[in-house]
Amino acid sequence: MKINMSYGSGGALTSKLIHEVFIKYFNNPILNRMEDAAVLKVSEKIAFTTDSFVVTPMFFPGGDIGKLAVCGTVNDLTMMGAIPKYLTAGFIIEEGTELSEIEEVARSMANTAKEAGVKIVAGDTKVIEGNGGIYINTSGIGEIVKTGISVAHCRQGDVILVSGNLGEHHAAIMSKRMEIENQIVSDCAPLTGILKELMKEKVPIRFMRDITRGGLATILNEITDSSHCGVVIEEGNLPVSAEIRGFCDILGLDPLYMANEGKLLAVVPKAKAKRALAAMQRSKYGKNAVILGEITEGNSVTMNTRLGGRRKIDLLYGEGLPRIC
Amino acid sequence: MITLEQVIKELGSYDGRPIKIMEVCGTHTSSIFKHGIRSLISPKLELISGPGCPVCVTSALYIDKLVEYSLMEKHCVLTFADMLKVKGTTMSLTEAKAVGGKVRMLYSPLSAIKLAKEEPDTQFIIAAVGFETTTPIYALIMEEVIKSNINNIRLLTSMKTILPALTYICDNEKGIDAFLCPGHVSVITGSRIYEELVMKYQKPFVIAGFEGEHILGAVYEIVQQITEGSFHTKNLYPSVVSVEGNKKAQELVEEYFEEVDDDWREIGRIPSSGLRLREKYHSYDAGSSFAASQMDSPKGCRCRDVVLGRIHPVDCPLFHKVCTPMNAIGPCMVSTEGACGIWYKNGGKNQ
């Protein structure tokens, strides 16, 4: 069955959609009250963020727009040292969308939210003209467990860690769009588990960021700008699977600039680097974590190449891949 | 047998006469940055980019024609990604798209056929731009179009061949001592095509792949040939490049296309350097033009000198100041294979 404009009327069909899909899957006491706003109890210090998702195609190997919408906001909160607690979800649905697709997206959101330990406590649905597309906005709050994380806090001698293989979400989306058959799966995943493991080890995280659009290279350049330092990374340590490497060679892509949806970069003091690495590798989505490089003097990002040469790593220029998340 | 360490050591400490090596292909230019090759070799060994970016040498009037087609009712332009951002005299295909032009990305030849079948009322115009590596793809499309009796695909061609351009450079640009030949093009053409250039110009022509080791090996080979004063074609990419090349691809191209004198943006007319549809397939041509169309470069832009290997992109007064990928003045800054764009993205101003 396809969605038409009357599902957005605010009347009976809207109510049917909300109850038979969203309430059914997101089901929790706060949402189920169906008041104008969710009433929440939180600790003193919270992180609060929002993100919108327009990825095409809506379903791709390793995930879908729903999973992405939960992970995106969960990960942004996590990167600020917060344990994500509550999300809102706003849906803009184009007429012509199959009801079964909306249901699949909602189911996926519910599963991901459960895994990430968050509740979807408020929402909104609108229907617009179009040809079968779903756009999702999620906002979320999380309770701060580690303060002082900032891109401006990196210091000379600190160590840079990356939680796993690069380029997988980017390559999965591109493969689906280009109808290339391969085994590449998006890395889309909630990263709260990594923060929890790092906290267990009492790692004094200086900076943490999920490696999304713009790729690793962009974040490294942000570090040099904000912390007034240099960065040196080792090409030999760059975590990239053989399949992604082959994909990049054929299409002229560089994993340093590709988007991920389940990878983070962390900067920690050198003395805690091994402990941080072990903590990451213990968590579900950090098994391939590596120590990639360190914070140095200077003001630019350099990579020591496999052959012993040096390469300057600049920002991503141009558009990257549109509608990747 | 010499090891990689020895090659790096010798190239790093090279102190003979300065040698200027032209890498013809943009993928090599990227790879030189990617592997930090310049930081490994002596400053006396200069690597300079050449004319090997098909988009950079495509005439602005050709792009105008694509833009015009994209804006025509019931027409749609199919193109590989690189052509989207290059400006014609008025706008680029991306800009045309923003004002309602119909432009779609071509990912594979068969996707064009599929589209044409799905939308029989749309006239598809394929932007057939490229060197020897891509021309077989257009020949393949032609074969499929004829086999499936498709009548809503036509080609607007601006296909070029690299050998006449290398000949032009050897004749007119005296400063180039050796050539790092394009690996992908050589897969199709074979290594044989460089023989006559070696004979005539007495310079090394070395074919290499795109890994750092390949490029270092090629530079080492060039240094050896120049030191010994004995020049020949050397194929260091034998796993995929043969003497004769890909016969099947060559035959396919031969069936549909023929040589024509063609205009290169920034360079001018080069004899027998273009390909057009043969007479019997003219009904599939969307009005391709091979007339001289030289236009003045934008003021201050030195793309011509970049394409001909006279200067590095950083030597252009506009580079990084007014000309950036976000606001490209010349074509070499736009394309992913253009030397200026590659230098810019790799922080070339500091190299």
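The exercises below deal with two sheets and one chain-chain interface in a predicted model.

**Exercise 1. The sheet of chain B**

Task: Give the strand order of the open five-stranded sheet in chain B, and state which strands stand at its edges.

Solution:
- Step 1. The order is β2-β1-β7-β8-β9, and the pairing is parallel.
- Step 2. The edges are taken by β2 (45-52) and β9 (233-235) of chain B; each has a single partner strand, so one side of each is left without a neighbour in the sheet.
- Step 3. On average, neighbouring strands here are turned by 20 degrees against each other, direction ignored.
- Step 4. For one pair within the sheet, take β1 (residues 19-25) and β7 (residues 178-181) of chain B, which pair in the parallel sense over three bridges. B:E23 stands opposite B:L180 in β7(B).

**Exercise 2. The sheet of chain A**

Task: Describe the open seven-stranded sheet of chain A, then find the helix α3 that packs on this sheet and the strands touched by α3.

Solution:
- Step 1. The strands run in the order β8-β10-β7-β11-β9-β12-β13, with mixed pairing.
- Step 2. β8 (207-210) and β13 of chain A are the edge strands; with a single partner strand each, they have one side left without a neighbour in the sheet.
- Step 3. From one strand to the next, the twist averages 25 degrees.
- Step 4. β13(A) pairs with β12 (residues 301-304) of chain A in the antiparallel sense, over three bridges. Within this pair, A:R310 in β13(A) is the bridge partner of A:N304.
- Step 5. Helix α3 (residues 65-79) of chain A packs on the sheet and touches β8 and β10 (264-268) of chain A. The direction of α3 makes about 170 degrees with that of β8(A).

**Exercise 3. The interface between chains A and B**

Task: State how much area is buried between chain A and chain B, and which residues and elements of chain A contribute.

Solution:
- Step 1. In contact are 16 residues of chain A and 24 residues of chain B.
- Step 2. About 1700 Å² is buried between the chains, with carbon and sulfur atoms giving 51%. A:L307, A:K312 and A:Y317 supply 38% of the area that chain A buries against chain B, more than any other three residues.
- Step 3. Three salt bridges are counted between the chains; one of them joins the side chains of A:E179 and B:K114, at 3.6 Å from N to O. Three residue pairs are in polar contact, both residues at pLDDT 80 or more.
- Step 4. On chain A, the elements giving two or more residues to the side that touches chain B are α5 (168-178) and β13 (310-312). β13(A) gives the most, with three residues.
- Step 5. The residues on this side of chain A divide into nine charged, four nonpolar and three polar.

Definitions and conventions
Residues are numbered from 1 along each chain as its sequence is written. Chains are lettered from A and ligands numbered from 1 in the order in which they are written. This is a predicted model: local features need pLDDT of at least 70, side-chain atom pairs count only at pLDDT 80 or more; totals for chains, interfaces and linings use all residues. Side-chain values use heavy atoms; hydrogens and water are left out. Two strands pair if DSSP finds at least two bridges between them. Helices (H or I, at least four residues) and strands (E, at least two) are DSSP runs, numbered from the N terminus. Axes are lines fitted to C-alpha atoms, for helices over the stretch in contact, and angles run from 0 to 180 degrees between N-to-C directions. Contact means heavy atoms within 4.5 Å. Buried area is the accessible area (1.4 Å probe) that two parts lose on being put together, summed over both. A salt bridge is a side-chain nitrogen of Lys or Arg within 4 Å of a carboxyl oxygen of Asp or Glu. A polar contact is a pair of N or O atoms within 3.5 Å; within protein, one must be able to donate a hydrogen and the other to accept it, and residues adjacent in sequence count only if both atoms are side-chain atoms. Ala, Val, Leu, Ile, Met, Phe, Trp, Tyr, Cys and Pro count as nonpolar, Asp, Glu, Lys and Arg as charged, and the others, Gly among them, as polar.
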